[in-house]
Amino acid sequence: MMIRNQTRNRVIGLTCAAILLTSGCVKKDIPVVALEDMTYSWTVEKITDDLETVKLSNADAVIDACTGERTTELGGDFTVYNPFLAHGSYNMPEGGYHHIKVVSYVKGKEFYVLCQDETTYNLVAETIDEIPEFVDLASGKKMTNHPSLDTVSDSVRETFFELKDQYDSTGQSILILEDSLIQLTPSLYGSIGFSLGEQGMEIQLIDFTPFSTDIDHIGLALGYDEETEQAYLLLSYGDRYFNSAPLEIFSRADLMQTIPYIYLSAKPVFTKDVLEPHVQTPVYEISYEQDGQPVTEEIRLTYRPGVFEEGQADRPAEQVPTYKDEGPLLYLHTKPFDDESPIRDSEMMRAAGTDVNALLEAISHAKPVSRAGDEQEYRYLTIFEGMKSQEFEVSYKQRSKKLDIYLTDAKREQTFKLTSEGAETFLSYFPEVRP
């Protein structure tokens, strides 16, 4: 008896295997509607020293970076390599999904990868075993945990005035107090706050990130506009940018007064080269005349280290939700949704009406079968809900009095047939399909 049962089971198994080669074995108790997180189509680019981008292939490590166990403590002085920019997108009728992620690899006490995208305010850090092979090690820049101040070098001074001349071409001319020019070396991550006087409110002035490896130094100086009688703080960022900030926005909060240039003088007074975290460090002593009276104030800089995101990453980067919609959307379309070849409006139709619950109910009650029907022009059905979707291949079989409708889930290799009532419901939402 046991031998007979074994033989019977083997025959059934071989029969099922043969059917799988042709039309597939029917999978019992399999749900029809099984939405999955959407998979993004990614482009990964390396940012060069010249701020150009070079497209990478086989850069899954960039896409999946910072999706494991996070760390909030980075040790040592750092070597930071040129960053990477990843664009993730998924084309859909309601406008599509888009995701941007910036990634930097860092060598310190250990190896680290640092990431930021539109879903995170702070950086995400993760300890890794090694720097990936596709990282250009020759691009490494030395950075420290804390920014530092120094007297200005000849090269930074020259660059500062070159950028200033370009800035003047925009229409505003500010005279520089040349003795006030100093330079600041950025840290890996954090910000610099600026305050004027004992009671001056602190305003965030400069942000440091590991993605700005092209900014080696920041030039600082004071200046004024003779025409408007306005004093300014002036900043140059490497050889890239120049900016000015009127000192009035940094005045005492209870007065918010303009700091005039009349008799304005300034001299650097810093004695420490490193800005200690959370310590107000005097940098300038400025003197000016206010309402006929001489005034002397100190300008202070405060370094605040960056804070890393805590906790475990909830999901891989390609599944980060960036788009929400109210309720499900169902579309029939002539070809798959594909970023390489977007679908035109004429190639898709949306389920009629605003309440698609009856259609979803009809689909969920479809029965597993071992065969499909014949293809027509609108051969795909996709269900979208939030950041999840499911695509079916649709086929049809015309009978004498009714139309059979089949839905094939290619990922699961299973075809479902709508009931007679379900097919009528389907046609009521997509009347164009009715023969």
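**Exercise 1. Place Thr415 and describe its surroundings.**

Thr415 sits in strand S27 (residues 414–417); strands (E, at least two residues) and helices (H or I, at least four) are DSSP runs numbered from the N terminus. The model is predicted: local features need pLDDT of at least 70, side-chain atom pairs count only at pLDDT 80 or more, and totals for chains, interfaces and linings use all residues. Residues are numbered from 1 along each chain as its sequence is written, and side-chain values use heavy atoms, without hydrogens and water.

Step 1. Is Thr415 buried or exposed? Its relative accessibility is 11%, so Thr415 counts as buried (under 20% relative accessible area; exposed is over 50%, partly exposed in between; 1.4 Å probe, protein chains only).

Step 2. List contacts (heavy atoms within 4.5 Å). Beyond neighbours within four places in sequence, Thr415 touches residues including Lys367, Arg371, Tyr406 and Thr408.

**Exercise 2. Find the buried side of helix H5 and its partners.**

Step 1. In H5 (residues 420–429), the buried residues are Gly422, Ala423, Phe426, Leu427 and Tyr429.

Step 2. They cover an arc of only 160° around the axis, so they lie on the same side of H5. The arc is taken from directions from the helix axis to the C-beta atoms.

Step 3. These buried residues pack against helix H4 (357–364) and several strands, among them S24 (380–385) and S25 (388–398).

**Exercise 3. Locate the nonpolar cores.**

Step 1. A core joins buried Ala, Val, Leu, Ile, Met, Phe, Trp, Tyr and Cys residues through side-chain atoms within 4.5 Å. The largest has 30 residues; Leu184, Ile218 and Leu222 have the most contacts inside it.

Step 2. Apart from this core lies another, of 28 residues, including Ile363, Leu381 and Tyr429.
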